[in-house]
Amino acid sequence: LLHLKRFRVAAIKVDGSLSRDVMSHPVSGDIIRAIATLGHSRGARVIAEFVETREQRDRLAALGCDVFQGYLYSPALAPDLCLAYLSRSREPAPCDG
């Protein structure tokens, strides 16, 4: 919190211990909402770690998270595989025409 006072912060990452149990522990949701509100008031994006399901992502989005990381999208990748993944994710989805 002190860093928010001292520095201009572009993003705040919500620790995986909070995002992991957001569906089962209301206090985690309260903390995430507070982090998101504070982050947005300072112009920062809020990133949630360890997002594994769509339901979890939707809940985190409702609490104010902007960006999501986790197995819902991809496991951790080696640098060369990461570049290939990012290149593929920029390609438009094929049409069923």
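A salt bridge here is a side-chain nitrogen of Lys or Arg within 4 Å of a carboxyl oxygen of Asp or Glu, and by that rule a search of the whole structure, which is a predicted model, finds three of them.

**Stop 1: the salt bridges**

Begin by selecting Lys 13 and Glu 49, whose side chains meet in a salt bridge at 3.9 Å, N to O. This pair links distant parts of the chain, since Lys 13 is in strand β1 (residues 11-14) while Glu 49 is in the loop between β2 and α4 (54-62), 36 residues apart. If you colour by accessibility, Lys 13 counts as partly exposed at 45%, whereas Glu 49 counts as buried at 17%.

Next select Arg 33 and Asp 30, which form a salt bridge with their closest N and O atoms 3.6 Å apart. Because these two residues are three apart in helix α3, Arg 33 and Asp 30 are separated by about one helical turn. Arg 33 is partly exposed at 38% relative accessibility, and Asp 30 is partly exposed as well, at 46%.

Then move to Arg 57 and Asp 58, where the side chains meet at 3.3 Å, N to O; Arg 57 counts as partly exposed at 22%, and Asp 58 counts as partly exposed at 43%.

**Stop 2: the nonpolar core**

Now select the 12 residues of the largest nonpolar core, namely Val 14, Leu 18, Val 22, Ile 32, Ala 36, Val 46, Ala 48, Val 51, Leu 60, Leu 63, Cys 65 and Phe 68. The elements that give two or more residues to this core are α3 and β2 (45-48). Within the core, centre the view on Ala 36, which, leaving aside residues up to four places away in sequence, touches Val 46, Leu 63, Gly 64 and Cys 65.

**Stop 3: along helix α3**

Which residues does Ser 28 touch, not counting those up to four places away in sequence? Ser 28, placed in helix α3 and buried with a relative accessible area of 7%, touches Leu 18, Asp 21 and Val 22.

Further along, select His 40, also found in helix α3 (residues 26-41), which is partly exposed at 37%. With the same sequence neighbours set aside, His 40 touches Val 46, Gly 64 and Asp 66. Add Ala 10 to the selection: His 40 and Ala 10 are 30 residues apart in sequence and 9.8 Å apart in space, C-alpha to C-alpha.

**Stop 4: a charge over a ring**

Finish with Arg 20 and Phe 50, where Arg 20 lies over the face of the Phe 50 ring, at 4.0 Å from the ring centre.

Terms used:
Residues are numbered from 1 along each chain as its sequence is written. This is a predicted model: local features need pLDDT of at least 70, side-chain atom pairs count only at pLDDT 80 or more; totals for chains, interfaces and linings use all residues. Side-chain values use heavy atoms; hydrogens and water are left out. Helices (H or I, at least four residues) and strands (E, at least two) are DSSP runs, numbered from the N terminus. Buried means under 20% relative accessible area, exposed over 50%, partly exposed in between (1.4 Å probe, protein chains only). Contact means heavy atoms within 4.5 Å. A charge sits over a ring if NZ of Lys or CZ of Arg is within 6 Å of the ring centre and within 35 degrees of the ring normal. A nonpolar core is a set of buried Ala, Val, Leu, Ile, Met, Phe, Trp, Tyr and Cys residues joined through side-chain atoms within 4.5 Å.
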